Every structure is written in structure tokens, then in C-alpha cells.
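Colleague: Let us go through this model together. I will ask, you answer.

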Amino acid sequence: MATGNAKLATMAWRNIWRNRRRTLITVFGIVFGVFMAVLMTGIGDSTYGQMIDHAARMGGGHVVVQHPDYQRLPTLKKTVPDAEAVEAAAAELPHVEGTTSRITGAAMLATAKHSQGTFFIAIDPERESEDTFGILEGRWEGEPLTSADQEHAVVLGAVMAENLGVKLGSKVVYTVTDKGGEIVSGLVRVVGIVTTGAPSLDASLCVLPIGEIRRSLGYGPHESTMVAVFIDDHREADAVSEALAARVPEGVAVLPWNEAQPDLAGFIAMKQGGAVVFEVIIMVLLAAGIFNTLFVSVMERLREFGIMSAIGFSQRQLFALVMWESSWLALVGLVGSVVAIAGPYIHLSTNGFDMSKMMGGSAEVAGVAMDPILYVRIHPESALSIAAAVVLATLVSGLYPAWRAGRANPADAIRVV
Amino acid sequence: MPEYARRPFLLGAGAALALLAGPGWAHAAERPAKDSPEFPAWVMNQIDDMHRGDSSHGVMSMTVKTEHWTRSLTMESWSKGEDYSLVRILAPKKEKGTATLEAGEDLFTYLAKTGRTVKVSGAMMGSAWMGSHFTNNDLVKSSRLADAYTMALTKEGVLHGVPQYVFTLTAKPDAPVVWGTIEVTVEQATLRPTREIFYDEEGEAVRAMQFADYRTVGDRTFAGTLTVRPLDGSGEYTRVTYDSIEFDVKLPDSTFTVQHLKSL
Amino acid sequence: MNSMTLAWRNVWRNSRRTLAAVAATSLGLWAMIIYSGMVAGYLDRMERQVLDVEMGDIQVHHPEYLRSPSLYHRVDRVDEHLAALDEAGLPAAPRLLGSGLGAAGENSAGISLVGVDPERDARVSEVHARMAEGQWLDAAAPQEVVVGRRLAQMLGLSVGGELLVLSQAADGSMANDLYAVRGILGGVSEAVDRGGVYMLDQAFRELMVVPEGAHQLIVRRGPERSLEQAAARARELLPDQDVETWRELKPTLASMLDSAEGAVYMMFFIVYAAIAIVILNAMLMAVFERVREFGVLKAIGVSPGGVLRLIYLETLIQTGLAVAVGVLLALPANLYLTTEGLDLSGTVEGLSMMGSTMDTLWISQVTVATYVGPVVAMVVIVLLAVTYPALRAAFIKPITAMRHQ
């Protein structure tokens, strides 16, 4: 009797529901495993994405364009001569959400009683926003900078302000070495003091309007030390970086964030490695559970398979039957997972859970502040790969029982277990 | 901040570089009346000029007293115009040969012990010069007081039995100087500076410079002793005293090079 | 018939089913053991990274030093203190600390000078084993120094290169000297990477004119004491100095490690829960499939207690087998993980977290507890998991049972 696949599938479906309890227990196991995997991956995806975006905003964007030697040894002599051209080239590429030019370099800040060296960031405030310049999200005294040509204004980190002994309105003299190697000073007044939460930032932050700095340093009107490119999905950084590298003039290097900030990249890689290990363990356990179910189910139905074989089912068909059962289990498991997880997932992805009590405030990793609220947001690709892993685990664990079913023969039908 | 910068004082008034540009002063130009608005500027220019001789060569002693130690150095100095100066340590033996060379906008420190020269970078400008209460910046800053400050005659009085003018210099809004005001006290008759007090913008007195032992060599009059004192109650100070000096010395430009330094 | 014999025969009567259950259980146990070792390794490594390489467990300073770090705020009578600490079983080493300017070629950078006694320092710190290039300090080479990796990069220094150190000595004079770079460190911590220059204590003393005293004593708690005990003892021995534990000195790092520990235990718990579910699954099926059989037993007069005992015995036998298999399989895996470990990130040489550099190789830490814990937990889980179905089976009505299936 040739029984088509459809009939086998239907038969398999009915088979798994013959023993409701067992099936439900197995499905529950699958749901649990998927839930764990989604939780871990979701936390990871969103946390790392957050950290990368955060780092991008504090640093040089998702893709940074700078002088080729700047990464190794940053000085104010190593510039991108025509930043505007680079920005224009970048703006045309897909995924690019925004670009800004900035100048960063070493400066000495001095007041009557104190002085401190630090790295300043010179920006064009009108072209930056919270998306590009994360500092704007901190706690403020006074105000942020208003325009690139604002005169005599500076914004300092809270700890830096304290070390210099200044408050709003105090004057600060900055000293830098200009493009020609000359030492240049300028006067600024504190218009804003910000607390970002990352201790190293608060102690070193010094933000100046780019117009003033360009003049002090003797830069050209479009010159800067870096162009920061922001993209909508940080995973496209490598692609965007390559595309941009083809369009910029010579003498300029284009780096995706993982090359510009290797510490952060390493941290994330390590955490992801840990998560993968954890997920593998979950999947292995899942497979073990499913194997057990299928195997027992097959073993106790040997008589039945024997009879089926006697009435003409081929080895292949019996094998296929059990594999179908395995597939149905996987499917029901996945559907059940989606149903069960949907609710909690929606809650966790919008509200997250607040870890700040556990962490005692905010934490700092690779010089980047971490948000104490954990969101669970999973990328579609990751969700698909979890689903695929579950299906694979289920199918693989079904192989041996299916094979065993295939080997059933009429003699088994006569045996009484 | 490196420890050895201790309490850095930046961007001192022109008087600080007096020592190194070489003091010397000859009366010049017409003296306006003291009530006229040009009087303060004229006096400040005179003072600035006083410290810009054509060239000089001399030997001086510097004593630095801090909370933990007191140190005395004997140094030899050469200067030419505003932009060149060389100061070399003669004693103590441990540091003999170490020197500071100012050539134009660049400042170098030559370390005799290791034979190495370090160019003083922007970040190092705020640090102490030769371990004293002067900073590297004090040496190089060459802007005239008039450029950075508006000036007014605010008081007349008597100090050490000598009648004095007191000028208040107020930092111009754009000037890159850390001080809010500087109070310059000069002798009325001779226009020799007696002292300068530096205030921050809140009006707190942060440091004081005192000029004493005026002497004349040839046709130049200069302060033989200069004392810088932080006004934080610590009792610390740096005192520089000229032992001998001569002016209008023939000094070729090559004097102010590292090669020449090493050959000494 | 003896329950035990019956149990044993029951187990082997359906060997395939037994083997399936045993396989699932032993796999679960295997996973638990492996994970337990990895977790221990992870936590231990994180703490040790920070403590072994730079901080030590306890640090001793002059009472003013932490508030106002200065060349002049020193711990005096250092030899006396070290002797007292040695006697108390607390390894300790002195450090001299200062700052200055480092220059090489055209470049200069701010540096932090650390004067160490290499022999003593090796007792409290692993920094000497963190060389990326070249070698650690040697008492016979006082003019040679070891520098942090980013400092070397910034100044363009390689092993054998020359570093000029400039600073202000304790007597006010300008301290300056030339040193040869003997070695370059791998990742230690942000601070050391960016500006650390290690030299012999003698060299420091000569350069900075600090003939006596030390700025910091690094103390370890020794193998027998907890951190608190060691700190208390140290405070007794050095009453006029400032003694602080690493947790007091770096509270954010401490809370981060604690929360990491918390997170890890939470995951541990989740893994156990997952395993428990698998076992439950297996046990449930094992019992419910044999309902008819139990019905027969009850029908011939076996009491509920007897059925219960039988089931438990069978379960214990199966579990015993699973434990044996699981442990045996875990041994070689753990051997690999404790020696080779898992490299999680490939190329990165080390990265920083809260200012300290972490190693990316994940090595397990395995002790007897690594095995005992999971085994005990497994047995408990299994017995709990089998209780419900066992009770059901024990109280089943024979008629119902025999009609089943």
C-alpha cells in the first residue's frame, strides 16, 4: 500500500496526540528552552546594540573617518582636510542616518588656581543631536552649546569642573598645540556642566564649539580630525565602511566601530561567546528531552509498527512517519513558544527590567556607560536562528527512534512486551 | 596633573619674564600727567620696556621654599630681545648643566645628566619651571600687558615709606588670561614696580610678586630680587636674586641653540 | 521476592527504555558538571584578573595618601611591617609610587612610576607574568624598566628602546634619567596600559630621592583567611596606617563582580531547571508507561508502599548508572576545559571593564565540589520528579490500570 506523504503526516499528527500528556510535557520543554534562548539572546542583542550605539554617540559614530595614523597616535596635526566632502559622500549611502564632523585633541585647561590636561571635543551643536552626541542626555547645569560659532563657550564634565574649581560663568583658558606646532591659547567661559554617569567621562569632558577651535588651530573651514557617520543598524557598519572607503579621497582612513573601539568589540565578542555556550547547553538539553520522548514512544509502539510493517508499510514510510511526528512536535513546540512568549516579550521589550538596584547605579565598560535597564529585544535573524536550532535539535533527536521504527518487522507484532 | 606641577600659576604678567628677558630700563618718551587716561598705559609700557633689554648676561640665585623642602640654585642666564633666552644651572652639582632654552615660540629643557633635550609641549606649559613657583608658560608669554588688560590708576598710597601708585589691570573679556585683575603697585617717583597681586575673577588674591633691591648697572635700573608667593597661607615662595649682570652684550644667535648648550 | 532484586530486574527488563532514561539523565548531569566548572572558573577568573595583577586583596597606605596622593605621604617602618605581615601569613610587598613625564624621540606622555621589589612583588602579584614582549624586571638591571602596552605604542617604544623619565624629586630637584625598556606588558588595567612604568625600587629611590618608606603595601589574604579576616588581622598589626580591602577601594568594581556573580547563578539555576524538566519528562513517561504493570502488582496484593518503594529503587538504580556515566564523561571534558579552556573572542588581546583588563580565555575551575554539587542536585531532582508519578502509580486501582492503553 503506497501511502502518500500527506497521509503519513496526518497519521503522525494523530499519533502524537494519542498520548496527550506526553506530548504536552515535551512541548512544554520546548517552550521553556525557546523562552530561555530568546531571553538570553534578546538581552544580548539589545544590550550590545545599546552599548554600540552609545559608544558611537560618545565616540566617533558607527563608522569613523579620520587620518590613517590618528588611531595609533592622535595629534591635532592629523586631519581630514575636507570633512564636508566626506560627509556628503557618506550621506548618499544606504543605512546612513547622519554625519557630523568633529575635532578632538589634547588641551590644557587652566584657571587661576588649577590646571588640568584633557582631551577636548569640538562640535557643531546645530548638527548634533542626542542621537549623535550622547552626552546631551546627561544631567545638566546650565546649557549645551548652541552654535558652531558660539564665542567663548565651553561645556565641562562635572568632575572636571570640580577639579578646576569652576562653576557656571567662570573663565577657563585652554592651551593647545596648533597645526603648525605652535602653542595657542584661548579664553572660554563655562556655559554648561554635565553629569553623564560614566566616571571617566565626567572627569575628562570638555566640549567646545568647532568654529572657535578651527580658528585657534589654523584649520581650513572644512577641516576636522574626524567625521562620524551614524547608521540605523549597527550591524551594517562593516558594509557601510567599505562602501565609504571607496568614495573618499586619498589620505583618509575609514574604520567601522569595532576597529575604532576594539575594547568594546572584544567585550561584546566575549559576552556573545558566553551566551552561545549557554544556548548550546540549552539546545542539548532540549534534544535530550525530545529524544527521550520519541524513543519511549517508539519503543512502546513496536507492536504497532510491526503490524504496520506486516500490512505493507515500507521501512522508509515508518521512518518518515516518526520523523513527521518529530516535526509536528517541533512545530507545535514553536507555535506554543510564540504564544507563550509573546506576552512577556512585549512587556520586556518595551519596559525592560530595571537592574539599577543590582548594579548600584550605572556601570562603565570599555569607557562607555551602561544603561541599568535591561531590555529584551531580539533581532529577527536571531529569532529565526533560534527557531532553526530548535527544529534541528528536534529532528536530530528523532533520527534514531525513527530508524528504529523503520526496522520494526512483523515479528515484533507477535511479541508480547 | 603631575605632582611636580604642584600649584601651577599660569600666564603671569609680563613682569615674570623680566628675569629671563633680562632686566634693564632707561627712561624714555614723554611722561603724561597722572590724571590723564594715557597715564596707566604709559606706565605699564615703561615697565614692560624695563624688562626688555636688548641683550643681557648674568648670574642669579633662586631659592624655592615649599612645604617639604627648600632648595637653592645658582643659574647663569643670557637673553636677546624678547624671543631668546637661555638659563643654565651652575649649582648644585647634581643639576649643573641643566638648562631652559627659549627660542621664539619654542621652549626646550636640556637635561645635563642624560644629555637629552625635551621640547616643552602645550600640555607641559602649566608645569613648574625648574621646580619653582614659576611655570613654563610664565617664561614664554610675551603679550604686552596692554593687549590683555584695561588699566586704571585706582589709588595712591605709601609703602615702606615710599609713595606709590596703584594701578588696577582688568582682564579684557576676550583675553586668554586666567586672572580677573592684577594690582600693580609702582613707586611714584621712579615708576619702579614694588609689587603685583594677581586676583581671580571672584576677587580672591591668588599670588603676589614682590620687587626689591633695585640696582643700577650702566644706564639700566632693575630689581635685584623678585619673590613670588602663592597666597594660600602655605608659606611657600620662590625668590630670585641677581648676583651679577651686564647689558648690551654681544650675543650671536647661535648662543641660543641646543648645540651651543651642549658645548658649555 | 526481594524488592531490590525485583527492581533490578525491572530495570533491565526493558533495557532500551532504561538506557534512554539513563542517557537523558547522564547527559543532563554531564552538562551540569561542565557548566558548574565553567561558572566557577569564570567568577574566579574575574576576581583574580583584578586582584592578582594589580590590586591585591588589601592595600596599606599612609593615612593621608588616598585623599591626597603625594610623594611625601609614605608608610614608614616598612621592613618592620612586612616582617609582621609575613609572620601572620599575609604575603605583602611594598610599592613606591610617583608620576612624571616620559619621553622618547619626539613624543612625550604623562607616566605613573611604580618602584617594586621583584622578589617580594612576585608573592603578591602576577604582573610579572603578563609580559607581551621582553622580560620582567631583574634586580641586576636597575636601569631597565617595564612599560604598559599603550604607553609603548604612544611613544613608539619597543624592547631595547630608550625612555627618558622626568619628574620632580622629593628634595625638589629635577629628577631625570634614561632607562632601557626591558619589557612591554600585555593588558593589565587602563591606568597601567596608558602610563605605567615599572622600575626597581632601588632605581625609584635614587631617581626620586626617597631613601625610606613606601607609598603602598600590597597584601594578599593568604590561602586560609577570608578577605574580612585578613583585613582585620592586618589592621591589628598596623594600627597607625590606613588599611583597606579591594572592595572598599573599588566599590563599583566590587558591585559589578557581585552582580555578575548573581547573574551567573541565575543562569545556573535556569540550567538546572531545564535539566529538571528533562528528567521529569523521562520519569513521568517511565512510570506512566507501566501503569498496567503496576495495576497487576496491586491486584496481586502489593501495597501502595510496596509499589512506591519499588519505583524509588528502580529510579535509584537508574540514577546511579546515570551518575556513573555522567561523571566518567565529564572527567575528560573538564580536563580539557581546565587546561585549554574556551577562547571566546579570537583575536582580541584583552579588553577593559571598569578600568581593569580581562582575559578572553575561559578556563574552568574544577574541584570535588564541582562534581558533588551537581550529583547531589541531580539525585534530589530525580527523586522529586519521580514522586508524583510514583504516588499516582501507588494508588492506582488495579481495574483502571489494567484497562489502560
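Colleague: How many of the residues of strand 5 of chain A are buried?

Modeller: This is a predicted model, where local features need pLDDT of at least 70, side-chain atom pairs count only at pLDDT 80 or more, and totals for chains, interfaces and linings use all residues. Residues are numbered from 1 along each chain as written, chains are lettered from A and ligands numbered from 1 in written order, and side-chain values use heavy atoms, without hydrogens and water. Strand 5 (a DSSP run of E, at least two residues, numbered from the N terminus) spans residues 153–157 of chain A and is mostly covered. Buried means under 20% relative accessible area with a 1.4 Å probe, protein chains only, and the count is five of five.

Colleague: Which strand of chain A runs parallel to strand 5 of chain A?

Modeller: Strands pair if DSSP finds at least two bridges between them. Strand 8 of chain A pairs with strand 5 of chain A in the antiparallel sense. Five bridges make the parallel pairing, and A:Val155 stands opposite A:Gly192 there. The parallel partner is strand 7 of chain A.

Colleague: Which residue is the bridge partner of A:Leu156 in strand 8 of chain A?

Modeller: Strand 8 covers residues 206–209 of chain A and joins strand 5 over two bridges. The partner of A:Leu156 is A:Cys206.

Colleague: Which residue of chain B meets A:Lys113 in a salt bridge?

Modeller: A salt bridge puts a side-chain nitrogen of Lys or Arg within 4 Å of a carboxyl oxygen of Asp or Glu. Chain A and chain B share three. At 2.8 Å, N to O, the partner of A:Lys113 is B:Glu204.

Key: Buried means under 20% relative accessible area, exposed over 50%, partly exposed in between (1.4 Å probe, protein chains only). Helices (H or I, at least four residues) and strands (E, at least two) are DSSP runs, numbered from the N terminus.
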